[in-house]
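Reader: Hello! I would love a close look at the aromatic rings in this protein, and at the setting they sit in. Could you walk me through that part at an easy pace?

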Amino acid sequence: EIVDFEVSYNRLDTFDVDISKWEKLLTIYLQNNNITSYNYKALWTHDNVVGVSLTGNVGIQVPQTKISMSSLQFLHLGNNEMDLNVNFDTNQFPNLMMLFVNGNNLLKFPDLSLQKNLFWLGIARCNLNSLPPYLNGFKKLTYLDARDNNISRVDSELKTLIQRNSMESYFSGNPLCMEDS
């Protein structure tokens, strides 16, 4: 009968619970623990989960395949210091609206297929050198945090989108801030 489950700030290092049996589960927050072992399949294939936060679990990993979360709208994987090589696309996350991957080494940028739903994107401290040109196609984007990367240029179409959407956007700590206001 669990709908919302939160076990945060508890120094957990393992969470091998089969949450697939929790059919009514909507949100799961396991942030700021020490989780490095958990039931991958149960979490990343749950049909009803709308929100997941695994932030602050240095050493945790996300599988590169077999992700199918048809209801997920909110995903926070920030500050785990992991190599993040996940296909963030509509095949795996068809309803994703808020994605935070700050503080990880982002190896694959979120796919263009997310452009119709994604409106919050956190990519700060992800070792990025540039932003893909297709990012200006994310017409619903209202929040973009790209601080503390190595971005030296933002194309004019993205600047236009930032202005048009009155987007809350952050670029401090990037070389582009030295030459572009």
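Author: What follows starts with the ring pairs, then moves to the fold, the nonpolar core and a few loop residues.

Happily! Please keep in mind that this is a predicted model. It holds 12 aromatic pairs. A pair of aromatic rings is described by the distance of the centres and the angle of the planes. Take Phe5 and Phe15 as an example: their ring centres are 5.7 Å apart and the planes meet at 35°, so this pair is tilted, given that stacked needs under 30 degrees and edge-to-face over 60. The two partners come from distant parts of the chain, with Phe5 in strand 1 (residues 4–6) and Phe15 in strand 2 (residues 14–15), 10 residues apart. Both Phe5 and Phe15 are buried.

Elsewhere, ring pairs join into a cluster made of Phe74, Phe100, Phe119, Trp120, Tyr143 and Tyr170. Tyr170 has a further partner, since the charged end of Arg147 sits over its ring, 5.3 Å from the centre.

Now for the surrounding fold. The protein has 2 helices and 12 strands, and along the sequence they run β-β-β-β-α-β-β-β-β-β-β-β-α-β. Its radius of gyration is 17 Å, close to the 16 Å that the globule rule gives for 181 residues, so the protein is as compact as a globular protein of that length. The C-alpha trace spans about 50 × 30 × 25 Å along its principal axes. Of the 181 residues, 47% count as buried. If you take the contacts between residues at least 6 apart in sequence, 35% of them join residues at least 24 apart. The protein exposes about 9,200 Å², and carbon and sulfur atoms supply 46% of that area.

Aromatic residues also turn up in the core. The largest nonpolar core has 52 residues, and those with the most contacts inside it are Trp44, Leu75, Phe88, Phe93 and Ile123. Helix 1 (40–44) and helix 2 (156–164) each supply at least two residues of this core. Phe88 is a good one to zoom in on: leaving aside neighbours within four places in sequence, its contacts include Leu75, Phe93, Leu99, Val101 and Leu106. Charged side chains belong to that list too, with Lys108 and Asp111 among the residues Phe88 touches.

The loops deserve a glance as well. Gln92 lies in the loop between strand 7 (83–84) and strand 8 (98–100). Is Gln92 buried or exposed? Its relative accessibility is 8%, so Gln92 counts as buried. Beyond its neighbours within four places in sequence, Gln92 is in contact with Gln64, Ile67, Ser68, Met69, Val86 and Asn87.

Leu12 is found in the loop between strand 1 and strand 2, that is, between the strands that hold Phe5 and Phe15. Leu12 is partly exposed, with a relative accessible area of 25%. Leaving aside neighbours within four places in sequence, Leu12 is in contact with Val7, Asn33, Asn34 and Ile35.

Lastly, a backbone detail. Most residues other than glycine have a negative phi. Asn32, in the loop between strand 3 (27–29) and strand 4 (37–38), has a positive phi near 55°. Asp148 also has a positive phi near 55°, and its place is the loop between strand 11 (143–145) and helix 2. Asn32 is partly exposed at 29% relative accessible area, and Asp148 is partly exposed at 42%.

Methods:
Residues numbered from 1 in each chain as written. Predicted model: local features only at pLDDT ≥ 70, side-chain atom pairs only at ≥ 80, totals over all residues. Heavy atoms only, no water. Phe/Tyr/Trp six-rings, centres within 6.5 Å; stacked < 30°, edge-to-face > 60°. Helix = DSSP H or I, 4+ residues; strand = E, 2+ residues; numbered from the N terminus. Buried < 20%, exposed > 50% of the residue type's maximum accessible area, 1.4 Å probe, protein only. Lys NZ or Arg CZ within 6 Å of the ring centre and 35° of its normal. Rg over C-alpha atoms; globule rule 2.2 N^0.38 Å. Contact = heavy atoms within 4.5 Å. Areas by Shrake-Rupley, 256 points an atom, 1.4 Å probe, with all protein chains shown as cover. Core = buried A, V, L, I, M, F, W, Y, C linked by side-chain atoms within 4.5 Å.
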